[in-house]
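Dear colleague,

Please find below the structure that I am handing over to you. My notes on its cavities, helix packing and backbone follow it.

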Amino acid sequence: MASPPESQSPIKIVINDWNSQIITSTVTGKIFESMGYNVEYVKYPVKQQWGALGNGFGHVQIEIWEGTMSKMFHQLLTKHAIIDAGTHQAITREEWWYPEYVEKLCPELPHWEALNNCAHLFSPSAAESKGVYISGPWEKPDGLRIRALNLHYTLKRTKDADGLWILLEDAIKSNRPILMFNWTPNWVGAKIPGKFIEFPEYSPACETDKTWGINPKATMDCGNPTSGWLKKAAWPGMASTWPCAYKTLQKLTFTNHMFSKAAAYVEIDHLNVQQAAEKWLKEFDPNLKRWVPLECQPLKINSGR
Ligand code: TMO
């Protein structure tokens, strides 16, 4: 049996644009390097990562979120353009969210039906009656959801996660209401109390069947899953090119705590990516072999005693 590295060609790990993903990708790269592999990091926004994984410009994606990515993930699995490398332990949620102090002004929250009565709280000026919902670049068609549930809101998108945190910080400083996209596990939960909006419960049929749900003429009349999965994906050639790296990727399973910690090292403790990844490894995998299958670890020479 070949031992790692079975190939010198670099394993390309896809880097997206929020910190838990960036740090846990770097952690994964360091584990691969400890096994003797060459590693490169390639930046792709979520929208472009699918093509990259399909044609081998990227080989590993460490965070595939059910709430925002399940549709593309399943489409590409069906086409054999990516492979499912297993599920993390973490349970996830991605949804409209507000910091806790907003509830004093709109006590019927987090129920979604309170959104319209409170739309003025989230409007940019007294002249505007519509509220603004601030989204990142990842979501499913929120415009459709706004229409399907007849919400008096307009949509504004930031270009990455940092854009969201800047607006959040601004709002908190002036005690201004804000309604924005957020997710868990994330660093925000540990520092800024808040709640997700409770939309009508998610069902896959809600995305495809207009007659499903409270609006019989529209899809997307529901929220995102409240207990979503988090998966890993790989380029289809990974298992044959770097068998031990692929087996390690399959074994990698991170908890909610591990993901929130990864993001918090950057967002709260202000470490850079390298420092955060090293601190994370010290805490959760100090010997760099917790997830490396035994058959992929170097043989220990028995001293005979
Ligand atoms: C994919 N994301 C965690 C940003 O929702």
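A cavity, as the word is used here, is a set of grid points over the protein atoms alone where a 1.4 Å probe fits but cannot get out. Please note that this is a predicted model.

Internal cavities

Rolling a probe the size of a water molecule over the atoms shows where empty space is left. Two cavities of 30 Å³ or more are present in this structure.

The largest of them has a volume of about 60 Å³. Its lining consists of Trp-18, Trp-65, Thr-68, Met-69, Glu-94, Trp-138, Phe-181 and Trp-183. By class, six of these residues are nonpolar, one is polar and one is charged. At least two lining residues come from helix 3 (66-78), and at least two from strand 8 (180-184). Which domains contribute to the lining of the largest cavity? Domain 1 (11-91 + 228-296) and domain 2 (93-207) each provide at least three residues.

The second largest cavity has a volume of about 50 Å³. The residues that line this second cavity are Trp-18, Asn-19, Ser-20, Ala-161, Trp-165, Trp-183, Asn-186, Trp-187, Ala-263 and Glu-267. Six of them are nonpolar, three are polar and one is charged. Helix 1 (19-34), helix 7 (161-173) and helix 12 (256-267) each give at least two residues to this lining. Here, too, domain 1 and domain 2 are each represented by at least three residues. Trp-18 and Trp-183 belong to the lining of the largest cavity and also to that of the second largest.

Helix packing

Two pairs of helices may be of interest to you. In the pair formed by helix 1 and helix 13 (residues 273-284), the axes lie 9 Å apart and the packing angle is about 65°. Angles of 65 to 115 degrees count as roughly perpendicular, and helix 1 and helix 13 are therefore described as roughly perpendicular to each other. The crossing of helix 1 and helix 13 is right-handed. Helix 1 is thus a member of this pair as well as a contributor to the lining of the second largest cavity.

The other pair consists of helix 2 (residues 46-55) and helix 3, which pack at an angle of about 15° with their axes 11 Å apart. Since angles under 35 degrees count as roughly parallel, helix 2 is roughly parallel to helix 3. Helix 2 and helix 3 also cross in a right-handed sense.

Backbone features

Most residues other than glycine have a negative phi, and most peptide bonds are trans. Where does this model depart from that pattern? The peptide bond from Pro-4 to Pro-5 is cis, with omega near 0°; Pro-5 is situated in the segment before strand 1 (11-15). Another cis peptide bond runs from Thr-184 to Pro-185, with omega near 5°. Pro-185 belongs to the loop between strand 8 and helix 8 (188-191). Asn-175, although not a glycine, has a positive phi of about 55°. This asparagine, Asn-175, is found in the loop between helix 7 and strand 8.

With kind regards

How values were computed. Residues numbered from 1 in each chain as written. Predicted model: local features only at pLDDT ≥ 70, side-chain atom pairs only at ≥ 80, totals over all residues. Heavy atoms only, no water. 1 Å grid on protein atoms, 1.4 Å probe; cavity = no way out; pocket = protein on both sides within 12 Å on 5 of 7 lines; lining within 4 Å. Points joined across faces, edges and corners; volume = space filled by probe spheres on them. Helix = DSSP H or I, 4+ residues; strand = E, 2+ residues; numbered from the N terminus. Nonpolar A, V, L, I, M, F, W, Y, C, P; charged D, E, K, R; others polar. Domains from an automatic or database assignment. Axes fitted to C-alpha atoms, helices over the stretch in contact; angles between N-to-C directions. Parallel < 35°, antiparallel > 145°, perpendicular 65-115°, else oblique. Left-handed = near helix turned anticlockwise from the far one by under 90°.
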